[in-house]
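Please take some time with the sequence and the model shown below before reading on. The paragraphs after them are meant to be read with both in view.

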Amino acid sequence: MSSLDVITKDSEKISLKLKGVPLQYANALRRVCLNGVPVLAIDTVDIIENTSVLPDEGLAHRLGLIPLRTDLSKFNESDKVLLVLDSGESEETRAVLSGELSSEDESVKPVSEKVPIVQLAPGQKIKVECYARLGRGTEHAKWNASNVAMLTDTDKDDEKILTIESTGALNPEQIVLEGVQEVSRRVVEFKDMINNIEE
């Protein structure tokens, strides 16, 4: 008899006790929770103006790595969400932070407002239009739903502890629920493939 019980959980982290779950399934769930659950990340950046010391590619890369809150019930894989940032001309040396990104969708915003994007000297400015889309960490790490997905043994034979730490895009419970669904989907697909081979 297999079971999955929550040991501890908060807004960032969840620990589950897996009992009677074969190692290959527990490990598949761990991997899917790390990089197989879709989340939003900035994927395309149109740079309208950039007089900072950071090259355009560096700026686009930084923007892509900012974790974004994701509501999976609202978006599908083909949707794009526009976020814009206009720093204005800097009068003093200052850091441009993730909180300055404004989104066309209120539910899609940076997990933290304090992620530094670029340092501006007096007279410098950046103006960008960014498009976020759903993706998975298997494509690029910026779409990882978790920072940590760890499977540890306990002193009991068929018992393991799965710990998931969210990037903040989704809450940890959501990651696990989506992960379980994704593993189930993949198992069904695999069975269908096997059945087709046998026919």
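What follows goes through the core, two helices, a loop and several salt bridges.

The structure is a predicted model, in which local features need pLDDT of at least 70 and side-chain atom pairs count only at pLDDT 80 or more, while totals for chains, interfaces and linings use all residues. Residues are numbered from 1 along each chain as its sequence is written, and side-chain values use heavy atoms, with hydrogens and water left out.

A good place to begin is the interior. The largest nonpolar core (a set of buried Ala, Val, Leu, Ile, Met, Phe, Trp, Tyr and Cys residues joined through side-chain atoms within 4.5 Å) has 44 residues, and Ile42 and Leu63 are those with the most contacts inside it. Here buried means under 20% relative accessible area, exposed means over 50%, and partly exposed lies in between, with a 1.4 Å probe and protein chains only. In soluble globular proteins, nonpolar side chains tend to be buried together. Once its neighbours within four places in sequence are left aside, Leu63 is in contact (heavy atoms within 4.5 Å) with Ile42, Val45, Leu101, Ile117, Val128 and Cys130. Cys130 counts as buried, at 0% relative accessibility, and Cys33 is also buried, with a relative accessible area of 0%. A search of the whole structure nevertheless finds zero disulfides (pairs of cysteine sulfur atoms within 2.5 Å).

Cys33 leads on to helix α1, where it is one of the buried residues, together with Ala26, Leu29, Arg30 and Val32. Helices (H or I, at least four residues) and strands (E, at least two) are DSSP runs, numbered from the N terminus. The 13 residues of α1 should span 18 Å at 1.5 Å a residue, and its end C-alpha atoms are indeed 18 Å apart; the expected span is 1.5 Å times one less than the number of residues in the helix. The buried residues of α1 pack against β2, β9, β10 and α3.

Helix α3, which covers residues 172–198, has 27 residues and reaches 39 Å from its first C-alpha to its last, close to the 39 Å expected. Its buried residues are Pro172, Ile175, Val176, Gly179, Glu182 and Val183, and they pack against β2 (13–19), α1 (23–35), β9 (146–153) and β10 (159–166).

Which residue does Glu182 meet in a salt bridge? The partner of Glu182 is Arg185, at 2.3 Å from N to O, where a salt bridge is a side-chain nitrogen of Lys or Arg within 4 Å of a carboxyl oxygen of Asp or Glu. Because they are three residues apart in helix α3, Glu182 and Arg185 are separated by about one helical turn. Glu182 is buried, with a relative accessible area of 8%, whereas Arg185 is partly exposed, at 41%. Salt bridges that share partners join Glu77, Arg136, Glu182, Arg185 and Arg186 into one network.

The structure holds 13 salt bridges, among them one between Asp43 and Arg133, whose closest N and O atoms are 2.7 Å apart. This pair links distant parts of the chain, since Asp43 is in strand β3 (residues 39–50) and Arg133 is in strand β8 (residues 126–135), 90 residues apart. Asp43 is partly exposed, with a relative accessible area of 31%, while Arg133 is buried, at 18%. Leaving aside its neighbours within four places in sequence, Asp43 is in contact with Tyr131, Ala132, Arg133, Lys142 and Trp143.

Another salt bridge joins Asp105 and Lys74, with their closest N and O atoms 3.1 Å apart. Asp105 lies in the loop between β6 (102–103) and β7 (116–120) and Lys74 in the loop between α2 (56–64) and β4, so the pair ties together parts that are 31 residues apart in sequence. Asp105 counts as buried at 16% relative accessibility, and Lys74 is partly exposed, with a relative accessible area of 42%.

A last stop is Ser90, in the loop between β4 (81–86) and β5 (94–97). Ser90 is buried, with a relative accessible area of 6%, and its side chain reaches the backbone oxygen of Glu92 at 2.4 Å. With its neighbours within four places in sequence left aside, Ser90 is in contact with Leu120, Ala121, Pro122, Gly123 and Gln124.

Methods: A polar contact is a pair of N or O atoms within 3.5 Å; within protein, one must be able to donate a hydrogen and the other to accept it, and residues adjacent in sequence count only if both atoms are side-chain atoms.
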